[in-house]
Amino acid sequence: MNLADMLTFADIGQLTTIASHYQCECKRNSKHELIQSILVTLNRREFIGQQIRCLSVDDLRFLNAILFDSRSYFNVEELIAIIRQTSFQIVEGERSKDLPKIPSPREVIARFKSSGWLFNGMTQHTRYLFQVPEDLKERFRKELGSYVKSTIHFTEEPAVYREEQGLVAEDLVFFLRFVQQQEIEMNQEGTMYRRTQQQIMESFHITEALLSKGGWRFGYGRTFTAYPSRLALIYDYSFHMNYIEEMGHRLKITNMGLERLEQGKSEGMVQIFRYWLRLYKQPIPNLSSIVYWIGQCACEWITISSLQEALGWLIKPYYYDTSQSIMEQRVLQMMMHLGLVRIGNTEEGTVVKMTVWGNRMVEKCTLHAKDDELDLRIDKV
């Protein structure tokens, strides 16, 4: 439902609040004049862009989250959860008295309602739920895109760049074939021995360094604590798809894994990409929108430093992972492994560009992607 329709169904109380918020000059007792005045104000070409540039960073994160949420309606508890998730500040009650007070989630909801960006449902079943007008969503997304692109620095194509399109799917087949042909023993922690990991990666197109002792690794998958990032993704995906099973201290291929090998073709990259989005969603809740904005920004070669400046405010640090390390190692590095981006180096630093396939997949799999489309049955990490 679009803005004009929602204004028509709104009561005169909310219309008056919206009109007062934007200082509209009209008769407050005329619903028709209120609606027309609000529409004229909100439909001005530059108005939404101006509003976005006046929002706080927390409000921008909240707006970004609901723009990429597949739900048509939200209840109050869901909106409160989103607001708390998108605020990187310390929660109320834990801040110093010298610091400014953080608005409560209900205050944020009330402000978005008075702005005409959130409306209650129109039916008996949805009147206590909230929704965003569809046409406003499109305008917000367009203007938010202009906002994030404003600091992007385009650069020349590097002399040499790295691209791995389709290779993770081929290496998945190599991994299954290795498990089929070898007796793989697991250690007391239930992980493959380092020598076995090395042997597996020697058969891969892409080799990673084995993990060194010490440090921390958790949150990005079931076996992320034990294996390098790309190998962990391949292992976790295979386990999730029931291609392999852990029997005691041995790793074996399943009947489904054998069927996968007998098909004689690589795994679909779309399915692996969707699995990655779901797997990394725990530490990076807004990963889908971050990947989407990378796709919008990196249509040509750009510097990663300018991309970090444009999107860093969307990335919440995760324990010892900073916003920058999440962007470079957890997002861009994995996007390269998945064939979504190319990464190279120039005199201006590290640069990145989306692949043609990457642009197609990002548009298809991130914009309003529903959880069931991204494979909900993810093993707990």
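This passage describes the overall make-up of a predicted model, then one helix pair and several loop residues.

The model is predicted, so local features are restricted to pLDDT of at least 70 and side-chain atom pairs to pLDDT 80 or more, while totals for chains, interfaces and linings use all residues. Residues are numbered from 1 along each chain as its sequence is written, and side-chain values use heavy atoms, with hydrogens and water left out.

The chain contains 17 helices and 9 strands; these elements are DSSP runs numbered from the N terminus, helices being H or I over at least four residues and strands E over at least two. Along the principal axes, the C-alpha atoms fill a box of roughly 80 × 50 × 50 Å. Of the 381 residues, 51% are buried, where buried denotes under 20% relative accessible area, exposed over 50% and partly exposed the range in between (1.4 Å probe, protein chains only). Among contacts in the chain with a separation of 6 or more, 66% join residues 24 or more positions apart; a contact requires heavy atoms within 4.5 Å.

The exposed area of the chain is about 19,100 Å², of which carbon and sulfur atoms supply 48%. Accessible areas were computed by the Shrake-Rupley method with a 1.4 Å probe, and for residues only the protein chains shown count as cover. There are 45 positive and 47 negative side chains, with the centres of the two sets 4 Å apart. Lys and Arg are counted as positive and Asp and Glu as negative, without His and the chain ends; each charge is placed at NZ of Lys, CZ of Arg, CG of Asp or CD of Glu.

Helices α13 (residues 269–279) and α14 (residues 287–297) pack with their axes 9 Å apart and at an angle of about 125 degrees. The pair is therefore oblique, given that angles under 35 degrees count as roughly parallel, over 145 as roughly antiparallel, 65 to 115 as roughly perpendicular and the rest as oblique. Axes are lines fitted to C-alpha atoms, for helices over the stretch in contact, and angles between N-to-C directions run from 0 to 180 degrees. Phe273, Trp276 and Leu277 of α13 meet Leu287, Ser288 and Val291 of α14.

Two non-glycine residues with positive phi lie in loops. Gln23, with phi near 55 degrees, is located between α2 (12–21) and α3 (31–42) and is exposed because its relative accessibility is 69%. Asn242 has phi of about 65 degrees and is located between α11 (229–240) and β5 (244–247); at 37% relative accessibility, Asn242 is partly exposed.

Further loop residues were examined for their contacts, leaving aside residues up to four places away in sequence. Glu163, between β3 (161–162) and α9 (167–181), is partly exposed at 29% relative accessibility. Glu163 touches Arg342 and Thr355, and its C-alpha lies 10.0 Å from that of Met354, 191 residues apart in sequence. Glu348, in the loop between β8 (341–346) and β9 (349–354), is also partly exposed, at 43%. The contacts of Glu348 are with His153, Thr155 and Thr303; Glu348 and Ile302, 46 residues apart in sequence, are separated by 9.7 Å, C-alpha to C-alpha. Thr191, between β4 (184–185) and α10 (194–202), is buried, with a relative accessible area of 15%. Thr191 is in contact with Glu185, Met186, Ala226 and Tyr227.
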